[in-house]
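Subject: Structure handover

Hello,

I am passing on the structure we talked about, and my notes follow it. Please have it open while you read.

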Amino acid sequence: YMAGISHELRTPLNAIYGYAQILEGDAALPLRRREAARSIRRSSEHLAGLIENLLDISKIEAGRLEISRDRINLRAFLAQVTAIFEGQAKAKALDFRISTRGNIPTWVDCDEKRLRQILINLLSNALRYTEKGRVDMEIAYRNEVATITVTDTGIGIPPDQIHRIWKPFERLSRAGAGGSGLGLTITRLLVEILGGDISVESGLGKGSRFTLRLMLPSVRPSVISRMPEAHDARKVHATGYVGPRKAILAVDDDLDHLGLLETLLKPMGFLIQCQPSPVTALASLEDIAPDLFILDIDMPEMDGWSLAQRLRDDPKFRSTPIMMVSAHALEARSQVQREGLFDAFIIKP
Ligand code: ADP
């Protein structure tokens with residue numbers, strides 16, 4: 001069920017998030033209103049994270065979580081993770097350091113997204129549950145196994161409660177505001193899937209140390225050139241483009257989503273035409289020739305795939321790029337069979 005529920009939740013959340021983001025950046029609004037919009041945006045981010053986490057857990061439980069093999073430049077990766085938390089630590093005057101011990105390989109083989117998720121969960125907990133002192137992460141490496149410790153001088157965990165922290169929705173303290181109680185549940189499941197284990201030592205008021213042991217095969221440089229480059233997850237904020245104006249045709253039965261696309265893309269200089277159904281979209285194509293199609297997948301009467309097929313069959317649009325959009329994270333799996341029908345696939349929001 002989770003995939004379906006996640007779809008139903010994401011679609012309206014997409015509109016809430018998108019419009020809040022637009023209001024937040026609207027310089028014509030009074031500051032108070034923009035702050036309100038920021039709080040809406042943050043809450044919807046929190047909800048989106050929660051949905052993502054629940055979906056992850058249900059995929060893991062169903063044995064359907066796919067693990068990818070990325071080659072990771074370990075030092076660059078750790079520098080990225082450091083950058084995420086540096087500001088937060090500084091704001092609380094905490095000493096924060098990520099260090100390596102002994103020889104660590106330059107390139108390793110692991111699911112980059114999942115490894116990042118694990119480290120982010122542990123570090124964000126360490127920072128959230130530490131008022132003063134320090135947070136340290138240390139990486140040691142031996143026989144293809146990485147031992148990663150995250151140590152803090154925070155509030156700690158009473159020994160008789162320690163087993164609860166791995167259970168979903170269990171929270172021992174109100175200290176780390178904004179948590180969901182799912183972080184460690186997922187962390188542990190992911191660590192196990194990646195072939196490792198995780199443990200914790202802590203005492204009330206004594207700080208905590210999480211120790212993670214993980215198979216992290218090193219990659220010899222000669223193999224590297226044959227492996228696919230891992231995605232860089234850093235966000236890029238686009239404001240426009242160079243060159244002649246481009247026209248986009250967006251088709252989605254969800255009018256909120258269409259409105260959102262228009263509000264986002266128009267200021268960047270796109271000529272955007274929105275159509276609420278494949279039928280009206282096909283009719284409109286007699287007069288226009290878009291440079292890009294953005295097609296929702298789930299639509300009544302004719303779905304986005306059929307529409308894409310119709311466009312591919314039309315000599316006029318055979319080579320026009322098609323971007324498929326869906327709130328169904330799982331749709332992305334079926335894309336492999338439809339290769340050739342579309343050029344890009346993105347998930348809402
Ligand atoms: P949450 O979103 O509540 O932080 P987690 O699953 O990440 O959810 O953690 C579960 C609980 O474990 C937290 O609510 C907190 O009580 C405790 N906990 C986790 N990490 C730490 C830590 N570094 N120091 C103290 N308590 C922690």
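Is arginine 134 buried, exposed or partly exposed? Arginine 134 is partly exposed, because its relative accessible area is 31%, and the band for that class lies between 20% and 50%. Its side chain is in a salt bridge with aspartate 136, where the closest N and O atoms are 2.8 Å apart. Please keep in mind throughout that this is a predicted model.

Overall picture

The protein chain has 349 residues, of which 44% count as buried. It is made up of 10 helices and 12 strands. The C-alpha trace spans about 70 × 55 × 40 Å along its principal axes.

The ligand

There are 21 residues around the ligand, and those that come nearest are Arg128, Tyr129, Arg171, Ser180 and Leu184. Sorted by class, this shell consists of nine nonpolar, eight polar and four charged residues.

Three polar pairs can be listed:
- The side chain of asparagine 125 has an N or O atom 2.8 Å from an oxygen atom of the ligand.
- Glycine 181 places a polar backbone atom 3.0 Å from an oxygen atom of the ligand.
- Serine 208 has a side-chain N or O atom 3.4 Å from a nitrogen atom of the ligand.

On its own the ligand has 530 Å² of accessible area, and the protein covers 98% of this. Three elements give two or more residues each to the shell: α4 (112-128), α5 (183-193) and β7 (208-215). The largest share comes from α4, with three residues.

Salt bridges

As background, side chains of opposite charge can pair when their charged atoms come close. The structure holds 14 salt bridges, and the one at arginine 134 has already been mentioned.

Another links arginine 69 to aspartate 109, with 2.4 Å between the closest N and O atoms. Arginine 69 is in the loop between α2 (31-61) and β1 (70-73), while aspartate 109 is in strand β3 (residues 107-110), so the salt bridge ties together parts that are 40 residues apart in sequence. How do the two partners sit with respect to the surface, buried or exposed? Arginine 69 is exposed, because its relative accessible area of 60% is over the 50% cut-off. Aspartate 109 is buried, because its value of 12% is under 20%.

Lysine 266 and glutamate 262 also meet through their side chains, at 3.4 Å from N to O. Lysine 266 is partly exposed at 48% relative accessible area, and glutamate 262 is partly exposed at 28%. There is also a network in which Glu24, Arg41 and Glu45 are joined by salt bridges that share partners.

Backbone points to look at

Most residues other than glycine have a negative phi. Which sign does phi have at alanine 93? Alanine 93 has a positive phi of about 55°, although it is not a glycine. The residue is in the loop between α3 (74-91) and β2 (95-101), and it is exposed, with a relative accessible area of 65%.

Asparagine 143 also has a positive phi, near 50°. It is placed in the loop between β4 (134-142) and β5 (145-152). Its relative accessibility is 63%, so asparagine 143 counts as exposed.

Surface and one more loop

Tyr1, Ile5 and Leu9 form a nonpolar patch on the surface, and together they have about 400 Å² of accessible area. Of these, leucine 9 belongs to helix α1 (residues 2-24). Leucine 9 is partly exposed, with a relative accessible area of 42%.

Arginine 245 is in the loop between α6 (221-224) and β8 (247-251), and it is exposed at 54% relative accessible area. How far apart in space are arginine 245 and leucine 271? From C-alpha to C-alpha they are 7.2 Å apart, with their positions 26 residues apart in sequence as the separation.

Regards

Note on methods. Residues are numbered from 1 along each chain as its sequence is written. This is a predicted model: local features need pLDDT of at least 70, side-chain atom pairs count only at pLDDT 80 or more; totals for chains, interfaces and linings use all residues. Side-chain values use heavy atoms; hydrogens and water are left out. A residue is near a molecule or strand if one of its heavy atoms lies within 4 Å of it. A polar contact is a pair of N or O atoms within 3.5 Å; within protein, one must be able to donate a hydrogen and the other to accept it, and residues adjacent in sequence count only if both atoms are side-chain atoms. Accessible areas come from the Shrake-Rupley method with a 1.4 Å probe; for residues, only the protein chains shown count as cover. Helices (H or I, at least four residues) and strands (E, at least two) are DSSP runs, numbered from the N terminus. Ala, Val, Leu, Ile, Met, Phe, Trp, Tyr, Cys and Pro count as nonpolar, Asp, Glu, Lys and Arg as charged, and the others, Gly among them, as polar. Patches are made of residues with over 30% relative accessible area and no salt bridge: like charges are joined within 9 Å, nonpolar side chains (Val, Leu, Ile, Met, Phe, Trp, Tyr) within 5 Å. A salt bridge is a side-chain nitrogen of Lys or Arg within 4 Å of a carboxyl oxygen of Asp or Glu. Buried means under 20% relative accessible area, exposed over 50%, partly exposed in between (1.4 Å probe, protein chains only).
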